[in-house]
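Me: Please take a close look at a single strand of this model, at how its residues are covered and how it pairs, and then set a separate sheet beside it.

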Amino acid sequence: MNSLHPRSIVLTANGADVIVLGSVTATAWEGHIILPPSVRVVERWNLAKRTRIWSRTLPPMPNVKTGAGSTENDDLLTLGPRGLFATRCMGMQGSQTNCHVVALDERTGAIGAAEAWTSTDYSFSWWDHDSQEVSPGRRHTLVRGRSYSTQSYFLVFDEMGRIVGRVLAACARFAEGGSEETPSILVDEQSNLSADAAVSKRFRLIKDTSACQLQQHLTDARKYQRTNAIYPVTSQFNWIGGGRRIVWSSVTRRISTPDEPPKAYSMEVGRSSLPAPLPPPPGVTDTNVLFAGSGSDLYAYTKEKIFHLEDTGFVFDSPKTGQGVIFSRGSEALLATYAGVDASKYVLSLGKRQPGKPGFTWQRISAVSTFRPDFVPFENAGRPQMLLAGGKQGLQWVDTRTGQVFLQSCAPGAPSPNRCNDPRAQNDYRGLVVSSTRRTAFTMHLKDASIRYNNLFEEIDLSTGKVLRSFPAPDWLTSSPLDLPMGWLEKERRFWIVGEDSRSKRSGASVTIVTLPAKDGAEPHYESFGTMSRPDHFGVDPEGRFFVSARDLDTIDVFAPNGVLVLTMGVRGDGAFAQAGDGRFACTGKTCDEFRCVVGNVARLASDPACAALRVEGFTIVDELARAEGIREPGKASRPE
């Protein structure tokens with residue numbers, strides 16, 4: 001999403017306008033998740049009319065070469081008697097920091113002279129700063145730095161955006177009185193005045209415990225959550241998935257206030273469209289509704305009811321039930337309701353579709369699960385059964401007529417009718433993917449987590465539980481409760497599994513594509529790509545056509561099976577947007593006011609004529625996948641499998 005992310009804001013002298021320095025990330029990433037350098041944009045807005053007066057893209061920093069400690073830099077706007085200046089600094093490896101100051105015309109935004117310098121005295125950063133104060137004469141600015149030690153400090157900038165000193169203090173602020181050239185800085189009683197001797201020649205540094213009162217108030221507010229004014233608005237995703245449509249719900253909230261009812265959005269996979277709001281189930285407009293499901297089956301939960309989304313809307317599906325998650329497989333479904341009893345976290349119910357009737361009829365089963373489970377329905381000698389992978393409860397075989405577990409496998413070897421009662425058991429089974437013949441299924445077998453590279457993919461005979469084949473598997477990070485869901489990309493040849501690969505330096509979901517060996521005794525082939533989302537904010541199309549990853553602020557990314565990012569889309573207030581990896585975009589409502597297109601190395605407004613060639617009416621996910629496949633393998637059929 002090429003929205004302007006504010007990083008520094010100043011008011012004009014009369015308070016009528018605001019000038020914002022923000023970052024815009026170009027999305028031509030070639031798919032794989034990286035953190036590319038951002039384009040910096042400065043804009044002036046009139047507060048009363050809420051209109052943009054001008055917008056300028058800053059040139060790249062000239063003194064950033066190899067050795068940068070990050071792809072992001074710190075930003076500061078300075079507005080004073082000498083004009084408007086944009087300061088950018090980037091920490092380099094070691095103790096070096098490269099900085100660049102650009103002058104701008106306050107009235108027109110025209111870019112003027114620039115100055116670059118390198119600091120080797122100390123490394124510093126003020127990104128994510130929570131304190132910035134301008135002196136009464138607008139001659140100097142105090143910005144709280146981010147220290148990686150116990151020493152706190154403030155950076156002092158002059159009226160042209162240049163660093164003129166550092167104050168070693170936990171709390172500091174400008175005081176009234178004194179000259180504009182030599183203002184007074186009140187610092188806390190823990191400050192190190194002896195270390196600030198060079199700074200004190202230009203500033204009057206006075207120890208005063210009152211300088212900490214405001215900071216202490218904010219600290220208390222954070223600790224006890226007495227106010228929400230200091231917390232940014234975020235989105236917390238509750239469910240995400242795919243099928244004929246992509247549906248996700250999120251809660252936009254502040255940390256210290258109660259959750260608002262989730263809002264849900266939908267986008268058709270094979271129809272040219274943008275995300276649209278999904279209406280809540282009838283009669284529950286003011287009720288907290290959560291969503292769950294898989295594939296094209298979407299369920300909405302309240303405290304007392306469960307609704308099923310069909311093409312015509314939500315329909316009542318069952319009597320009172322607890323909130324949980326649902327996995328559907330054709331005419332059968334599995335409802336996992338959180339309980340946390342009897343060494344399990346979920347109690348399970350089996351749902352069956354009745355011919356000519358909407359929804360499912362639910363039956364409680366004796367199987368339980370320590371993780372959100374997966375299941376495979378099949379027939380054995382004419383009797384309907386299912387295999388369930390449920391974490392430390394092992395593999396469980398259930399007679400779907402009676403709902404009873406009749407076989408269980410807690411460790412390698414032959415299954416047993418006895419339950420897994422050994423609390424020291426280190427064998428988990430998570431995720432299932434069934435073969436075309438419905439006679440075998442692959443599962444992930446996690447052994448003792450204290451031993452690295454101790455995981456296996458195992459092919460299980462559904463009728464007997466015998467292990468037919470076993471392959472070494474990636475070393476998943478199992479400190480978090482990962483479900484490790486699995487699914488086919490190509491039947492009998494390639495399947496995917498979602499987890500968090502402990503070898504990756506990224507935090508979040510890691511998708512591994514497993515290509516089975518063509519002959520016995522050979523090793524499978526693994527390809528992995530990572531996302532910025534947590535595994536529980538990650539969805540997969542049931543047909544294996546694409547993956548979906550949630551980002552903050554009602555934004556999701558759609559990936560092709562090879563890890564290429566093909567589409568980013570989301571909702572902002574009364575508008576929606578979508579953007580492809582090659583820069584094409586669509587937007588509606590006020591979202592278009594925020595949107596930027598990136599032409600070359602310049603971020604432009606959505607209304608800019610240069611953006612016209614990139615603007616489209618909508619996107620079809622299937623078509624975008626075909627386009628990505630065609631670009632990756634020219635000459636081959638572009639339709640993804």
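Reply:

**Strand E21 and its surroundings**

On one side of E21, Asp297, Tyr299 and Tyr301 are all buried, and on the other side Leu298 and Ala300 are buried too, so that both faces are covered; buried here means under 20% relative accessible area, with exposed over 50% and partly exposed in between, for a 1.4 Å probe and protein chains only. In a regular strand the side chains alternate between the two faces of the sheet. Counted over residues 297-301, 5 of the 5 residues of E21 are buried; strands are DSSP runs of E, at least two residues long, numbered from the N terminus.

This is a predicted model, in which local features need pLDDT of at least 70 and side-chain atom pairs count only at pLDDT 80 or more, while totals for chains, interfaces and linings use all residues. Residues are numbered from 1 along each chain as its sequence is written, and side-chain values use heavy atoms, without hydrogens and water.

E21 pairs with strand E22 (residues 306-310) in the antiparallel sense over 4 bridges, where pairing requires that DSSP finds at least two bridges between two strands. A hairpin of 4 residues joins E21 to E22, and Tyr301 stands opposite Ile306 of E22.

As for the separate sheet, 4 strands in the order E36-E37-E38-E39 form an open, antiparallel arrangement. Strand E36 (486-490) and strand E39 (525-530) stand at its edges with a single partner strand each, so one side of each is left without a neighbour in the sheet. Within this sheet, strand E37 (residues 494-499) is joined by 6 bridges to the antiparallel strand E38 (residues 510-515), and Ser510 in E38 is the bridge partner of Gly499.
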